[in-house]
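Visitor: I have a chain to look over with you. Could you take me through it piece by piece?

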Amino acid sequence: MYIINTIRHHGKVLMLIFALGMLALPDLQAQQQLSGVRPRIGLVLGGGGAKGAAEVGVLKVIEQAGIPVDYIAGTSIGSIVGALYAVGWRAVELDSMFTSQQWLSLLGDREKEHADKLLAQKDGVTYIFGFPVSRRGSKKADDLVGALNGDHVVALLQKMTNLGDSVNFDKLPIPFRCVAADVNTMREVVLCHGNLPQALRASMAIPGAFKPVRYQGHLLMDGGVLNNLPVDVVKKMGADIVIAIDLSQEEQKNRNFSLKELTGIGGWLDWMLSRPDIEKYNKNRAEADIYINPRLDGHGVTSFNRDAILQMISLGEKAGMEHWRELVDLKQRIGL
């Protein structure tokens, strides 16, 4: 009889413990989320010049869906949008930045003090209506190939990020990586520390348009020539689930290049013939868990006028909403 009563007693205790455990499940789930047990979300932002405005539109939808972003990797304009998001700028603020910016003056390093003069010279630099066209007598003169220095872009990014010269990109509010390519070796370089604005300037150095950037022992250009959708990079950072925003359009995805396009500075011909970027791009696109590809017909990498920017932001929102169900399901999967 004693044994039976003891069993009954312990049975009641166990039932009580079980009941209390069930009541505590929501708190345990919250503790798991706070401790980082939930799957980590990686955001990938592809390159595409002015088409980066569409990424801002997609970000609005991702925020609206309540999806947390744990890691970011970007290339070219995607690196700029991604870095600003990583340091704390949100979609509505990026919208204002894109639509209010005087892009022609910004990208062309136009100096306001010379803007109303056909021809001007100062400190060895020759200007036409404020745009620098020659730096032969300037301290900034060099032998690098490219029409634009991008000094104003760097200055703007420095102001917007407000960071020191040496930064560990893992220590940003959202850990970040950007992709560039080494001009001399034609190898991909993933930037994870240093001067953030200079890293972004390197990642967006479109060959022929912007001069390459000397950075940490490399001479770097736009990462889009080797990895324009760096899903593999964000996965190496630790992302379990990847949301990728691809700005490439259908006609670009398997493009054949003309003989004229196959000529250029060292390494270009070999790169064009083997096209390692296409193989990596297709693999990365397939490995994205949520792949968002805004349709931007009629808009290109140089569509920086305000009307085009507004349209591309709207098209980005539309593309994001087409994946709304996937985003909501993702939020439920990670327990939020």
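**A walk through the chain**

Guide: Just after helix α3 comes G88, whose phi is positive, near 130°; helices (H or I, at least four residues) and strands (E, at least two) are DSSP runs, numbered from the N terminus. This is a predicted model, in which local features need pLDDT of at least 70 and side-chain atom pairs count only at pLDDT 80 or more, while totals for chains, interfaces and linings use all residues. Residues are numbered from 1 along each chain as its sequence is written, and side-chain values use heavy atoms, with hydrogens and water left out.

Visitor: What does the pLDDT average over the chain?

Guide: The average is 79, and 68% of the residues score at least 70, where pLDDT is the predictor's confidence in each residue, from 0 to 100. Over residues 1-11 the pLDDT is below 50, and this stretch has zero contacts (heavy atoms within 4.5 Å) beyond near neighbours in sequence. Residues 13-33 also stay under 50, with six contacts in the model beyond four places in sequence.

Visitor: Back to α3: is the helix enclosed or open?

Guide: Helix α3 is largely enclosed by the rest of the structure, because eleven of its eleven residues are buried, buried being under 20% relative accessible area, exposed over 50% and partly exposed in between (1.4 Å probe, protein chains only). Among them are I77, G78, L84 and Y85.

Visitor: And which residues have the most contacts inside the largest nonpolar core?

Guide: They are L43, I72, F98, F169, F176, L191 and I243, in a core of 72 residues; a nonpolar core is a set of buried Ala, Val, Leu, Ile, Met, Phe, Trp, Tyr and Cys residues joined through side-chain atoms within 4.5 Å. Helix α3, residues 77-87, gives the most to this core, with eight residues. A second, separate core of 14 residues includes Y71, V179, A239 and V242.

Visitor: Where do the side chains of β8 point?

Guide: They alternate along residues 188-191, with V189 and L191 on one face and buried, whereas E188 and V190 point to the other face and are not buried. Strand β8 pairs with β7 (residues 176-182) in the antiparallel sense over four bridges, given that two strands pair if DSSP finds at least two bridges between them. L191 is the bridge partner of C178, and, leaving out residues up to four places away in sequence, L191 touches several others, including F169, F176, Y215 and L220.

Visitor: What about the turn between those strands?

Guide: The hairpin of β7 and β8 has five residues between the strands, and there M186 takes a positive phi near 55°. M186 counts as buried, at 15% relative accessibility. From M186 to M221 the distance is 9.6 Å, C-alpha to C-alpha, with the two 35 residues apart in sequence.

Visitor: How many disulfides are there?

Guide: The count comes to zero, taking a disulfide as a pair of cysteine sulfur atoms within 2.5 Å. C178 is in no disulfide, since the nearest cysteine sulfur, that of C192, is 9.3 Å away. C178 is buried at a relative accessible area of 0%, whereas C192 counts as partly exposed at 27%.

Visitor: Changing topic, where is N228 found?

Guide: N228 is in the loop between β11 (218-222) and α8 (231-237), and is buried, with a relative accessible area of 18%. A polar atom of the N228 side chain lies 3.3 Å from the backbone nitrogen of G47. Beyond four places in sequence, N228 touches G46, G47, T75, G223 and S248.

Key. Polar contact = N/O pair within 3.5 Å; in protein donor to acceptor, adjacent residues only side chain to side chain.
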